[in-house]
Amino acid sequence: MTDAAIQRALPQAQPESQPESRPKPRPKPRPKAPWQVWRDASGRLSALRIAVLVLLFVPWAIATYDFNFNPAAVGARPLNNVIHRTGYWALIFLMMALAVTPLRRIGRFNQLADVRRMIGVGAFAYAACHILLFIADQMFDLWKVASEIALRLYLTIGFTALIGLTALAITSTDGMVRRLGGKRWQRLHNAIYGIGLLALIHYFQQTKADVAVPTFAAGLFGWMMGYRLLIKFRQTRGEPPAWMLLALSFAVAALTFIAEAIGIGIVFNVSPFRVLQTALDFDDLAMIRPGWLVLGAGLIVVAVDVVRARFGRRRKAARAIAA
């Protein structure tokens, strides 16, 4: 028998079967530690959280730079300047936390809800710095600080708002939400509306001359409260139509004009009608009245609602065609 015949007679070795290629499982995200605020609830890095975290530190970084390297920006009383800055940014971040709900709903951007508590805690941190720097300005004389808070109405109101913010910051963790229960936690955190009002009153009272910025902030606060009332009293659970948001914007802007005119009339003993006449003076854009700014902000929100609603309808139509 030839070698070729022997090879044909022998059983041929079968090639080993190759194991089936399976997709590698995605690595599970690491559990999120309580201090890892840059990660979302699932433990993944969140670009939105990182951006908000950077934003929260920007005012403090600017104040630190000015305090150390730009004396002209902080004036003759640097500590007093930083006190006012921290109070101002506490109010700004408080207003931003209140703005999350309307922006999330109108902009169809539900991810904003993930950073609402972070912004609220940031507002508390700046408010806490505000009172601590005030104590330092009083040479750490706690008796004097307590008497000033008790005797000066604007300090009493501001300190009351700080106590409310402290309670909300302490209960802002997921553990406190579970401990209190969803409904009780929500009722407690609804106090943010009253705290925002107290913070605005404090801001108005400590502003000496130009109240344009506090008036603008109050107008935005009024718009956000009006929006929440629209949501609460509508019979349907959907988003209010654009015409309602437009009407709300005009109504709040008109109230801002009227309230500003009455306030200036009382303080400076002039006719509110004379103040209202200056609303149409556009010679100096730096002096534009807060009512116009409130109206402009409202119109921007209406435009966002129209664009997002139209985009949403197009996406639904595309899905229907694809199906």
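Q: How exposed is D114, and how should its relative accessibility be read?
A: The general idea is that a relative accessible area under 20% means buried and over 50% means exposed, with partly exposed in between. In this predicted model, D114 has a relative accessibility of 29%, so D114 counts as partly exposed. The residue is found in the loop between helix 4 and helix 5 (116–137).

Q: Which residues does D114 touch, leaving out those up to four places away in sequence?
A: The contacts of D114 on that count are D40, S46 and R49. A C-alpha distance offers another reading: D114 and V100 are 14 residues apart along the chain, and their C-alpha atoms are separated by 9.6 Å.

Q: What does phi show for R108 in the loop between helix 4 and helix 5?
A: The general idea comes from backbone statistics: most residues other than glycine have a negative phi. R108 has a phi near 50 degrees, a positive value in a residue other than glycine. R108 counts as partly exposed because its relative accessibility is 35%.

Q: Where is M139, and what is its phi?
A: M139 belongs to the loop between helix 5 and helix 6 (142–151). Its phi is near 60 degrees, again a positive value in a residue other than glycine. With 69% relative accessibility, M139 counts as exposed.

Q: How many helices and how many strands does the protein have?
A: There are 14 helices and zero strands. Read along the sequence, the pattern is accordingly written with α at each position: α-α-α-α-α-α-α-α-α-α-α-α-α-α.

Q: Which overall values describe burial, surface and contacts in the protein?
A: Of its 323 residues, 32% count as buried. The accessible surface comes to about 21,400 Å², and 66% of this area belongs to carbon and sulfur atoms. For contacts, the separation along the sequence is the quantity to read: among contacts between residues at least 6 apart, 61% join residues at least 24 apart.

Q: At what angle do the axes of helix 4 and helix 10 cross, and what is the handedness?
A: A helix pair is read from the approach of the axes, their angle and their handedness. The axes of helix 4 (residues 78–106) and helix 10 (residues 192–206) come within 10 Å and cross at roughly 145 degrees. The crossing is left-handed. Helix 4 contributes H84, Y88, L91, L94, M95 and L98 to the contact, while helix 10 contributes I192, Y193, I195, G196, A199, L200, Y203 and Q206. Sorted by class, these comprise 11 nonpolar, three polar and no charged residues.

Q: Is H202 of helix 10 buried or exposed, and what does it touch?
A: H202 lies in helix 10. Its relative accessibility is 15%, so H202 counts as buried. Apart from residues up to four places away in sequence, H202 touches H130, Y154, L155, I157 and G158.

Q: How many aromatic pairs are there, and which rings link into a cluster?
A: An aromatic pair is recognised by the distance between ring centres, with a cut-off of 6.5 Å. The count comes to seven aromatic pairs. Ring pairs link Y88, W89, F93, Y126 and Y203 into a cluster.

Q: What is the geometry of the aromatic pair of F257 and W292?
A: F257 and W292 are 5.2 Å apart, centre to centre, with 75 degrees between the planes, and the pair is edge-to-face. F257 lies in helix 12 (residues 242–268) and W292 in helix 14 (residues 290–322), so the pair ties together parts that are 35 residues apart in sequence. F257 counts as buried at 12% relative accessibility, whereas W292 counts as partly exposed at 28%.

Q: What does V213 touch, and how far is its C-alpha atom from that of R289?
A: V213 is found in helix 11 (residues 212–233). Leaving out residues up to four places away in sequence, V213 touches Y88 and Y203. Both Y88 and Y203 also belong to the aromatic cluster. The C-alpha atoms of V213 and R289 are separated by 9.7 Å, although the two residues are 76 residues apart along the chain. V213 counts as partly exposed, at 44% relative accessibility.

Q: Where is D174, and how far apart in space are D174 and A41?
A: D174 is found in helix 8 (residues 174–180). D174 and A41 are 133 residues apart in sequence and 9.8 Å apart in space, C-alpha to C-alpha. At 44% relative accessibility, D174 counts as partly exposed.

Definitions and conventions: Residues are numbered from 1 along each chain as its sequence is written. This is a predicted model: local features need pLDDT of at least 70, side-chain atom pairs count only at pLDDT 80 or more; totals for chains, interfaces and linings use all residues. Side-chain values use heavy atoms; hydrogens and water are left out. Axes are lines fitted to C-alpha atoms, for helices over the stretch in contact, and angles run from 0 to 180 degrees between N-to-C directions. Helices (H or I, at least four residues) and strands (E, at least two) are DSSP runs, numbered from the N terminus. A crossing is left-handed if the near helix is turned anticlockwise from the far one by less than a right angle, and right-handed if clockwise. Contact means heavy atoms within 4.5 Å. Ala, Val, Leu, Ile, Met, Phe, Trp, Tyr, Cys and Pro count as nonpolar, Asp, Glu, Lys and Arg as charged, and the others, Gly among them, as polar. Buried means under 20% relative accessible area, exposed over 50%, partly exposed in between (1.4 Å probe, protein chains only). Rings of Phe, Tyr and Trp (its six-membered ring) pair if their centres lie within 6.5 Å; planes under 30 degrees apart count as stacked, over 60 as edge-to-face and the rest as tilted. Accessible areas come from the Shrake-Rupley method with a 1.4 Å probe; for residues, only the protein chains shown count as cover.
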